[in-house]
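Q: I'd like a close look at one part of this model, told as one connected story. Start with a single charged pair and work outward from there.

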Amino acid sequence: MADLESPQKLSGVPPPSERVGGSRCSEISTELIRSLTELQELEAVYERLCGEEKVVERELDALLEQQNTIESKMVSLHRMGPNLQLIEGDAKQLAGMITFTCNLAENVSSKVRQLDLAKNRLYQAIQRADDILDLKFCMDGVQTALRNEDYEQAAAHIHRYLCLDKSVIELSRQGKEGSMIDANLKLLQEAEQRLKAIVTEKFAIATKEGDLPQVERFFKIFPLLGLHEEGLSKFSEYLCKQVASKAEENLLLVLGTDMSDRRAAVIFADTLTLLFEGIARIVETHQPIVETYYGPGRLYTLIKYLQVECDRQVEKVVDKFIKQRDYHQQFRHVQNNLMRNSLTEKIEPRELDPILTEVTLMNARSELYLRFLRKRVSSDFEVGDSMASEEVKQEHQKCLDKLLNNCLLSCTMQELIGVYITMEEYFMRETVNKAVALDSYEKGQLTSSMVDDVFYIVKKCIGRALSSSSIDCLCAMINLATTELESDFRDVLCNKLRMGFPATTLQDIQRGVTSAVNIMHSSLQQGKFDTKGIESTDEAKLSFLVTLNNVEVCSENISTLKKTLESDCTKLFSQGIGGEQAQAKFDSCLSDLAAVSNKFRDLLQEGLTELNSTAVKPQVQPWINTFLSVSHNIEEEEFNDYEANDPWVQQFILNLEQQMAEFKASLSPVIYDSLTSLMTSLVAVELEKVVLKSTFNRLGGLQFDKELRSLIAYLTTVTTWTIRDKFARLSQMATILNLERVTEILDYWGANSGPLTWRLTPAEVRQVLALRIDFRSEDIKRLRL
Amino acid sequence: MRSSLRPLGPPVSRDRIIVSFPKWYTPDACLQHKEHFHGQVSAACERGDTGTVGLRLSKVVVVGDLYVGKTSLIHRFCKNIFDRDYKATIGVDFEIERFEIAGVPYSLQIWDTAGQEKFKCIASAYYRGAQVIITAFDLSDVQTLEHTRQWLEDALRENEPGSSAIFLVGTKKDLLSGAACAQAEMEAVRLANEIQAEYWAVSAKTGKSGLGWCTIMDAMGFSCHMLSSSSSALASQQTVRDGEGAGMEGSPPEAQETERPSSLGCC
């Protein structure tokens with residue numbers, strides 16, 4: 001440490017404390033001392049100087065102490081001197097060596113570079129020599145091959161020539177042998193032209209003769225001559241011709257088909273199928289050749305040419321179909337019939353059946369065919385575009401979409417389907433109308449025939465639309481079915497319900513038979529035999545109940561239909577039918593259909609309410625009103641008498657039972673449950689009203705409690721869910737009427753209510769208490785509730 | 001059924017959030033002059049009881065002559081793109097666009113029909129249950145405007161009377177200039193008043209006033225949907241009409257401008 005500090009001090013950077021002392025030293029200069037005159041001041045200065053001297057001495061001592069170390073350091077430094085000179089010499093030597101090495105390396109590498117250049121030039125020279133040789137060889141080869149009619153060989157030579165670097169050839173011509181090469185080239189070009197001409201000519205001949213091996217032979221030569229497009233177009237020309245001749249043959253066969261033939265009804269669909277199958281087979285067999293000799297990504301071109309022919313043939317078939325099946329005429333007829341007040345004679349919907357099936361089949365075949373093409377071309381593009389940019393890929397996809405979506409086949413089919421939709425709508429509507437008109441009811445059944453019939457028809461129509469494999473067609477049909485069910489068919493049921501349930505008196509129900517006999521008697525007496533009155537009310541009643549069942553089944557059937565369609569379509573969607581939005585379209589239309597189910601449910605509720613208010617209420621009300629005629633202000637004796645001869649509740653239960661039995665037999669369990677639920681609510685409300693009109697004493701209250709218990713017990717047996725809730729208010733009224741004293745209510749009220757939840761307001765409690773004639777009104781008023 | 005249509009997945013993009021009722025294109029022909037949703041609609045939204053009114057989506061049907069640009073209109077609206085190549089629509093195209101209106105997630109189902117006469121049979125099967133009917137015509141072709149009357153009649157036949165909001169949309173506005181445009185628009189406004197439709201003029205190519213139209217169409221569809229769902233549908237719609245005159249001099253349009261989404265940039 002001291003070693004380190006000492007040079008610092010030596011070098012004259014004194015620490016601050018000494019500096020202060022130093023500066024003082026200079027302050028206390030000789031002049032200052034001389035100027036001092038006072039002894040006191042002199043003494044002070046002297047003292048300070050003494051102090052400073054001491055400090056200086058101390059410092060000097062310290063410096064002297066360091067002398068040894070410094071000296072030894074100096075010695076060692078001196079010793080190091082010669083070593084440093086040695087190092088300097090070494091470093092210089094090293095630098096020299098490095099420079100030398102560097103120069104050497106530079107020399108060597110420049111030689112290597114030269115060698116490399118020489119090698120490249122050599123290669124180029126060899127290449128050119130090869131090319132020139134090739135050129136010569138090609139020329140010779142072409143001549144020989146052409147002479148031998150070995151066109152493949154000739155084409156291969158031309159191909160080789162075409163693959164040569166044009167600049168090489170250009171350079172070669174400037175060489176010494178320029179003139180010779182020039183001549184050779186000229187010959188070669190001539191040979192190329194000749195070969196092209198020959199191949200085209202031979203191909204044309206082969207095409208004309210239908211000689212497939214020769215056609216294929218020359219087809220393979222085109223790409224060698226750089227004539228890819230021409231080769232494909234010529235080849236497809238040949239293929240188209242084949243397709244056309246086959247199609248014509250098939251069409252002639254169709255025209256000659258006997259109408260009794262098994263496939264006569266779908267003969268045009270079959271013809272289309274044959275056409276599509278033919279093209280598909282062509283694609284299948286020739287795709288490998290195209291891919292091998294023309295490279296991947298060329299299938300699109302072939303298909304583009306083929307599709308033109310396909311469109312032409314489809315047009316012919318469809319034209320014949322339209323003519324032979326009177327398609328457009330039938331369509332116009334249907335259109336006229338669809339207008340509500342048309343006078344023209346209606347087409348029998350059943351007659352449309354075969355043609356509708358045929359159209360959907362035709363469309364399904366086309367969809368299948370187009371899907372096949374799409375898959376093939378897409379995968380071919382995929383291979384061809386594996387290195388291409390995203391843009392090229394999209395461009396190709398767009399071309400394909402355009403080709404397949406806008407081809408005449410697609411448009412024609414769409415048109416046919418448009419007409420089909422209208423005819424199918426007519427078929428559905430008419431058949432549904434027929435089913436409604438022929439509606440019949442069989443005893444013992446809950447529903448009538450039309451519900452099953454209508455849903456069978458709707459299912460059939462949608463199913464047929466589905467079989468066309470066209471999502472737009474399917475969705476359109478679902479929409480039309482939704483409209484049909486929601487408006488037309490629902491209106492039918494709605495109107496039936498609107499006719500209402502004929503209100504009949506108690507006697508009619510109880511003594512239906514006798515009254516019928518009575519009416520018969522009276523009419524016999526009048527000389528007329530007319531049972532129509534009683535029968536028509538019965539019929540109307542039955543019709544109403546059956547309609548209720550029908551509505552419920554409709555609602556259920558729609559849900560079932562939706563589920564069935566959903567599962568049917570999952571398969572279709574998994575095949576990728578109808579593009580990306582197909583599923584969304586389908587879901588949207590299907591949800592509209594499903595919503596109709598709720599509309600039927602609403603209608604059912606309406607009908608039930610109607611039934612309850614027109615049939616149940618007028619019956620139940622008088623039965624309940626008889627409660628008023630039974631006194632509940634009774635003595636012990638009467639109470640016991642009531643025990644033996646029940647005054648009201650047993651008869652009431654019996655009546656209810658009879659009435660509900662009628663409904664139970666002719667309503668579906670679900671509707672019956674809803675009806676009983678409505679009925680129990682009604683009973684509860686009405687009974688409450690009459691109770692509030694009656695008066696009670698203690699025993700009367702007990703009697704009412706008994707009556708209510710048996711009523712609840714009965715109703716519990718006929719309903720599937722608990723009815724206690726509906727009767728909660730009545731039960732609480734019974735409890736109040738059963739009290740010993742007015743104040744006893746407080747044992748049940750407020751904090752003492754326990755698990756009991758009061759449904760009666762305090763005012764109502766007072767009102768009920770007031771029904772007890774033996775309770776004093778002051779006591780009731782005094783109650784704190 | 002419901003879950004499959006309920007808009008799931010990522011939240012709606014910012015430009016599909018509508019806070020207040022968008023402004024009309026021209027006050028001479030619009031269905032609602034007011035700057036806000038109908039009171040009943042707003043109230044229902046605030047209560048958050050919109051779940052009870054069923055599916056939160058509206059069906060939009062686009063009809064009109066061929067080559068007026070129905071598909072381009074939809075593409076500009078849904079994808080903000082314009083394709084110069086004309087491609088006739090075959091059958092029906094379908095798009096779903098998700099929105100958030102007044103805090104309620106909401107979807108618009110757009111059915112884009114084919115305009116060609118020969119495809120009309122299939123297209124007409126899709127008219128039913130449309131909350132919004134868009135009758136499109138080409139501003140530069142007066143014939144197409146005349147035909148909208150027929151298109152509308154066909155579409156209305158399949159729907160309950162008074163249940164759909166009608167829009168008359170003139171397309172290809174970029175093709176017209178000055179006087180010709182004014183003339184065409186005047187006639188369109190006249191027709192719009194006659195058929196009680198809201199009129200808009202747009203250009204799918206430039207995207208001019210496209211977005212305003214989109215949002216208002218959606219808002220109308222939404223309002224219609226909400227109102228018709230509530231029990232007093234007819235009565236409230238009546239009040240909407242009654243309120244028209246009052247809202248005319250309402251809050252200045254600038255206040256609206258800021259609230260309207262503008263990120264589509266095409267306008």
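In what kind of contact do the side chains of R429(A) and D488(A) meet?

A: Keep in mind that this is a predicted model. The side chains of R429(A) and D488(A) come together in a salt bridge, with 3.9 Å from N to O. That contact links distant parts of the chain, since R429(A) sits in helix 15 (residues 408–437) of chain A and D488(A) in helix 17 (residues 471–498) of chain A, 59 residues apart. The cut-off for buried is under 20% relative accessible area, so R429(A), at 16% relative accessibility, counts as buried. D488(A) has 22% relative accessibility, and therefore counts as partly exposed. There's also a network in chain A: D353(A), E424(A), K460(A) and R464(A) are joined into one by salt bridges that share partners.

Now for another pair that spans the sequence. E284(A) and R376(A) form a salt bridge through their side chains, at 2.7 Å from N to O. E284(A) belongs to helix 10 (residues 267–294) of chain A and R376(A) to helix 13 (residues 349–384) of chain A, so this pair ties together parts that are 92 residues apart in sequence. E284(A) counts as partly exposed, at 42% relative accessibility. R376(A) counts as partly exposed too, at 23%.

For a local pair, try E192(A) and K196(A): they make a salt bridge whose closest N and O atoms are 3.3 Å apart. Both residues are in helix 7 (residues 178–209) of chain A, 4 residues apart, or about one turn of the helix. E192(A) and K196(A) are both buried. Over all chains, the structure holds 45 salt bridges.

Some of these pairs cross between chains, which takes us to chain B. The interface of chain B and chain A has 4 salt bridges. K398(A) and D83(B) form a salt bridge, and their closest N and O atoms are 3.9 Å apart. Across that interface there are also 10 residue pairs in polar contact, both residues at pLDDT 80 or more. On the side of chain B that touches chain A, the elements giving two or more residues are helix 1 (2–5), strand 3, strand 4 and helix 4 (120–124) of chain B. Strand 3 of chain B gives the most, with 5 residues. By type, the residues on that side of chain B split into 13 nonpolar, 3 polar and 8 charged. The contact draws 24 residues from chain B and 33 residues from chain A. Between them the two chains bury about 2300 Å², and 59% of that is on carbon and sulfur atoms.

Two of those contributors, strand 3 and strand 4 of chain B, are worth following a bit further. Strand 3 (residues 92–101) of chain B pairs with strand 4 of chain B in the antiparallel sense, over 10 bridges. One spot to check is I96(B), whose bridge partner in strand 4 of chain B is Q109(B). The two strands make a hairpin with 2 residues between them, and A102(B) in the turn has a positive phi of about 45 degrees. Strand 4 of chain B also runs parallel to strand 2 (residues 57–64) of chain B, joined by 6 bridges. There, V62(B) stands opposite D112(B) of strand 4. Strand 4 (residues 104–113) of chain B is mostly covered, with 9 of its 10 residues buried.

Terms used
Residues are numbered from 1 along each chain as its sequence is written. Chains are lettered from A and ligands numbered from 1 in the order in which they are written. This is a predicted model: local features need pLDDT of at least 70, side-chain atom pairs count only at pLDDT 80 or more; totals for chains, interfaces and linings use all residues. Side-chain values use heavy atoms; hydrogens and water are left out. Buried means under 20% relative accessible area, exposed over 50%, partly exposed in between (1.4 Å probe, protein chains only). Two strands pair if DSSP finds at least two bridges between them. Contact means heavy atoms within 4.5 Å. Buried area is the accessible area (1.4 Å probe) that two parts lose on being put together, summed over both. A polar contact is a pair of N or O atoms within 3.5 Å; within protein, one must be able to donate a hydrogen and the other to accept it, and residues adjacent in sequence count only if both atoms are side-chain atoms. Ala, Val, Leu, Ile, Met, Phe, Trp, Tyr, Cys and Pro count as nonpolar, Asp, Glu, Lys and Arg as charged, and the others, Gly among them, as polar.
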